[in-house]
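Student: I should like to work through the architecture of this protein with you. Could we proceed by question and answer?

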Amino acid sequence: MNISHHPIAIVGAGLGGLTLARVLHVHGIPATVYEADPSEQSRTQGGQLDIHEADGQRALADAGLTDEFRAIIHRGAEAARVLDQHGRLLFDAPDDGTGQRPEVLRGDLRRVLLGSLPDRTVRWGHKVTGVRSLGDGRHELAFTDGTTVTSGLLIGADGAWSKIRPLLSDAVPRYTGTTFIDIYLRDADERHPAAAKAVGAGAMYALAPGKGIIAHREAGNILHTYVELKRSAEWIAAVDFTDAAAATARIAAEFDGWAPELTALITDGESAPVARPIHTLPDGHRWERVPGVTLLGDAAHLMPPSGDGANLAMFDGAELGKAIAAHPDDVEAALIAYEEALFPRTEPVYAEAHDMLDLMIGDHAPSGFIGLFTAAEQAE
């Protein structure tokens with residue numbers, strides 16, 4: 001058995017884990033990131049993210065990557081419009097260049113972070129099969145390839161189904177009752193002109209109680225559809241997503257009678273539909289201090305998507321990196337400082353995330369969601 005030791009081991013090469021590794025590197029502190037994916041290119045990284053000034057952009061500044069971030073912004077993508085199920089425009093907010101939440105592709109942002117790290121920082125193909133405490137704040141990680149490493153500080157940045165979380169918490173993600181379904185339409189303006197016109201330059205929301213069709217225009221003339229369905233886990237499980245045509249037809253049937261330019265965002269996709277059941281940890285999830293280990297991002301505070309997840313993960317990573325740098329000889333002092341700020345910072349965001357989901361497909365959709373936009377406009 002091949003056993004090695006790394007003073008700081010980060011599990012998960014998502015945005016939060018990579019931001020942590022980068023901020024540590026800026027402060028001259030080496031870390032190793034273990035990632036289950038076999039390579040950087042092994043899977044797609046999801047759609048566009050709006051990067052918020054208060055957290056995501058601050059984290060990138062702490063990482064020294066503001067210029068690189070600005071270079072990948074999708075200009076004009078902050079535009080937003082709301083349509084009814086017949087395709088009638090209910091609300092329109094063009095991108096006038098004054099917005100504070102620029103859009104970037106998750107994959108582009110991940111490449112920026114990866115490119116900012118020294119070679120061999122990320123160890124690809126290292127899927128964790130087990131983790132155990134060795135005492136005195138040290139932990140042992142075992143991987144599918146049979147190798148084992150020990151750490152002086154272990155950080156779980158490994159998402160919703162974290163293998164590191166059980167060291168700290170008994171909490172298990174629960175299904176929220178809502179599933180998102182991803183579909184891509186490529187060469188949109190040429191191949192799907194009606195759908196492209198409906199979506200506009202940025203994000204389009206066609207919402208009703210219990211369901212919605214959301215689409216983002218992404219760089220490269222791509223429309224990325226997110227179908228939102230408030231359905232039981234049993235209902236979703238009964239849809240055979242291994243049969244793309246059958247799954248597409250079943251999902252589209254939920255929008256019978258909707259405008260054809262909207263249902264085309266489901267039926268005309270070049271990619272097979274992918275179901276993403278939405279899970280959450282208990283509101284205000286926290287844990288007692290355990291020596292030598294902590295969590296960040298979804299591993300720490302999984303909640304429904306509301307535009308905050310990636311921003312919070314990157315901010316967690318930056319704040320943890322700065323705490324470690326501020327306490328180079330006292331890991332526990334660093335973790336105490338990080339967690340004492342983490343818990344109160346994220347607790348109110350759970351309610352905001354659940355409220356956002358309700359505004360989008362709750363009983364008062366789409367009027368409640370439009371109210372969110374108009375309130376924001378009035379506050380400016």
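The following exchange concerns a predicted model and moves from its sheet to individual residues and a pocket.

Student: In what order do the seven strands of the open sheet stand?
Tutor: Strands of a sheet pair through backbone hydrogen bonds, either parallel or antiparallel. Here the pairing is mixed. Read across the open sheet, the order of the seven strands is 5-4-12-13-14-11-15.

Student: Which strands stand at the edges of this sheet?
Tutor: An edge strand can be recognised by its partners: each of the two has a single partner strand, so one side of each is left without a neighbour in the sheet. The strands concerned are strand 5 (89–93) and strand 15 (274–280).

Student: By what angle are neighbouring strands of this sheet turned against each other on average?
Tutor: The figure is an average over neighbouring strands, and direction is ignored. On that basis the angle is 20°.

Student: How many bridges pair strand 4 with strand 5, and in which sense?
Tutor: Strand 4 covers residues 80–83. Together with strand 5 it forms a hairpin, with five residues between the two strands. In the turn, Gly87 has a positive phi of about 85°. The two strands pair over four bridges, and the sense is antiparallel.

Student: Which residue of strand 5 is the bridge partner of Ala80?
Tutor: The bridges can be followed residue by residue; Arg81, for example, has Asp92 as its partner in strand 5. For Ala80, the partner lies 13 residues away in sequence, with a C-alpha to C-alpha separation of 5.2 Å. That partner is buried, with a relative accessible area of 15%. The residue is Ala93.

Student: How many of the 12 residues of strand 11 are buried?
Tutor: Strand 11 (174–185) has pairings with two strands to consider. With strand 15 it pairs in the antiparallel sense over six bridges, and Thr179 stands opposite Pro277 there. Eight bridges join strand 11 to strand 14, again antiparallel, with Ile183 opposite Thr225. Strand 11 is mostly covered, and the number of its buried residues is nine.

Student: At about what angle does helix 9 run to strand 13?
Tutor: Helix 9 (residues 260–267) lies across strand 4, strand 11, strand 12 (203–208), strand 13 (211–218) and strand 14 (222–230). Its angle to strand 13 is about 75°.

Student: What angle does the direction of helix 12 make with that of strand 11?
Tutor: Helix 12 (residues 331–361) packs on the sheet. The strands it touches are strand 11, strand 12, strand 13, strand 14 and strand 15. With the direction of strand 11, its own direction makes about 60°.

Student: Is Ala300 buried or exposed?
Tutor: Ala300 belongs to helix 10 (residues 298–301). Beyond its sequence neighbours up to four places away, it touches Leu281, His285, Trp287, Leu295 and Tyr350. Its C-alpha atom is separated by 9.5 Å from that of Ser169, although the two residues are 131 apart along the chain. With a relative accessible area of 1%, under the 20% limit, Ala300 is buried.

Student: Is Arg120 buried or exposed?
Tutor: Arg120 lies in the loop between helix 4 (106–115) and strand 7 (122–123). Its phi is positive, near 70°. Its relative accessible area is 58%, and over 50% counts as exposed. Arg120 is therefore exposed.

Student: What is the phi of Asn221?
Tutor: Most residues other than glycine have a negative phi, and most peptide bonds are trans. Asn221, in the loop between strand 13 and strand 14, has a positive value. Its phi is near 60°.

Student: Which two residues are joined by a cis peptide bond?
Tutor: For this bond omega is about 0°. One of the two residues is Pro366, located in the loop between helix 12 and helix 13 (367–379). The residues so joined are Ala365 and Pro366.

Student: What is the volume of the second largest pocket?
Tutor: Its lining consists of 18 residues, of which Gln57, Ile73, Arg75, Gly99 and Pro102 lie nearest the centre. Helix 2 (56–62) and helix 3 (66–71) are the elements that each give two or more residues to that lining. The lining residues divide into six nonpolar, six polar and six charged. The volume of the second largest pocket is about 290 Å³.

Notes. Residues are numbered from 1 along each chain as its sequence is written. This is a predicted model: local features need pLDDT of at least 70, side-chain atom pairs count only at pLDDT 80 or more; totals for chains, interfaces and linings use all residues. Side-chain values use heavy atoms; hydrogens and water are left out. On a 1 Å grid over the protein atoms alone, a cavity is a set of points where a 1.4 Å probe fits but cannot get out, and a pocket is an open set with protein on both sides within 12 Å along at least five of seven lines; lining residues have an atom within 4 Å of a point. Grid points are joined across faces, edges and corners, and a volume is the space filled by probe spheres set on the points. Ala, Val, Leu, Ile, Met, Phe, Trp, Tyr, Cys and Pro count as nonpolar, Asp, Glu, Lys and Arg as charged, and the others, Gly among them, as polar. Two strands pair if DSSP finds at least two bridges between them. Axes are lines fitted to C-alpha atoms, for helices over the stretch in contact, and angles run from 0 to 180 degrees between N-to-C directions. Contact means heavy atoms within 4.5 Å. Buried means under 20% relative accessible area, exposed over 50%, partly exposed in between (1.4 Å probe, protein chains only).
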